[in-house]
Amino acid sequence: MKEKTAKVIRIITIPPIEALIMLLILYGIKRDEFGNMGNLLMVILFLSVIPVCSYPIASRKEYLFYGQAIVKKIEII
């Protein structure tokens, strides 16, 4: 039970999810500041969806990141 709760908390507290929650709260309070629904969807796309897509890529174990170069691990057989 504790591991499941910890995993849920870990997922909810990643910054893009927190940004999504804050955007939805702001949209509920001040709709006129966003203009129309298209603006809200674009903000959600660029502040939440695209950053969340980077998490699976970063968790791949076969790549090491050195500065800006991506170097694949070389297994010596």
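**Exercise 1. Which residues make the nonpolar surface patch, and which elements give two or more residues to it?**

*Solution.* Start with the patch in this predicted model. V8, I12, I21, M22, I25 and I29 together form a nonpolar surface patch of about 550 Å². Next, assign the residues to secondary structure: α1 (2-12) and α2 (15-29) are the elements that contribute two or more residues. Of these, α2 provides the largest share, four residues. Finally, take one member as a check. V8 sits in helix α1. Its relative accessible area is 45%, and because partly exposed covers the range between 20% and 50%, V8 is classed as partly exposed.

**Exercise 2. How is the aromatic pair arranged: stacked, tilted or edge-to-face?**

*Solution.* First, count the candidates: the structure has one aromatic pair. Two quantities are needed, since a pair of aromatic rings is described by the distance of the centres and the angle of the planes. For Y27 and F34, the ring centres are 5.6 Å apart and the planes meet at 70°. The centres fall within the 6.5 Å cut-off, and planes over 60 degrees apart count as edge-to-face. The Y27 and F34 pair is therefore edge-to-face. To finish the picture, look at the surroundings: Y27 and F34 are both buried.

**Exercise 3. Is S48 buried or exposed, and which residues is S48 in contact with beyond its neighbours within four places in sequence?**

*Solution.* Begin by locating the residue: S48 belongs to helix α4, residues 37-58. Its relative accessibility is 4%, and since buried means under 20%, S48 counts as buried. Now list the partners. With neighbours within four places in sequence set aside, S48 touches P16, A19, L20 and V43. Two of these partners also appear when you look at polar atoms of the S48 side chain. One such atom lies 3.0 Å from the backbone oxygen of P16. For L20, the backbone nitrogen is 3.5 Å from a polar atom of that S48 side chain.

**Exercise 4. What pattern does the chain follow along the sequence, and how much of the chain counts as buried?**

*Solution.* Take the elements first: there are four helices and two strands. Read along the sequence, they give α-α-α-α-β-β. Then turn to burial, where 10% of the 77 residues count as buried. The exposed area of the chain is about 6900 Å², with 69% of it supplied by carbon and sulfur atoms. Last, consider contacts between residues at least 6 apart in sequence: 39% of them join residues at least 24 apart.

Note on methods
Residues numbered from 1 in each chain as written. Predicted model: local features only at pLDDT ≥ 70, side-chain atom pairs only at ≥ 80, totals over all residues. Heavy atoms only, no water. Phe/Tyr/Trp six-rings, centres within 6.5 Å; stacked < 30°, edge-to-face > 60°. Buried < 20%, exposed > 50% of the residue type's maximum accessible area, 1.4 Å probe, protein only. Patch = residues over 30% accessible without salt bridge, like charges linked within 9 Å, V, L, I, M, F, W, Y side chains within 5 Å. Areas by Shrake-Rupley, 256 points an atom, 1.4 Å probe, with all protein chains shown as cover. Salt bridge = Lys/Arg side-chain N within 4 Å of Asp/Glu carboxyl O. Contact = heavy atoms within 4.5 Å. Polar contact = N/O pair within 3.5 Å; in protein donor to acceptor, adjacent residues only side chain to side chain.
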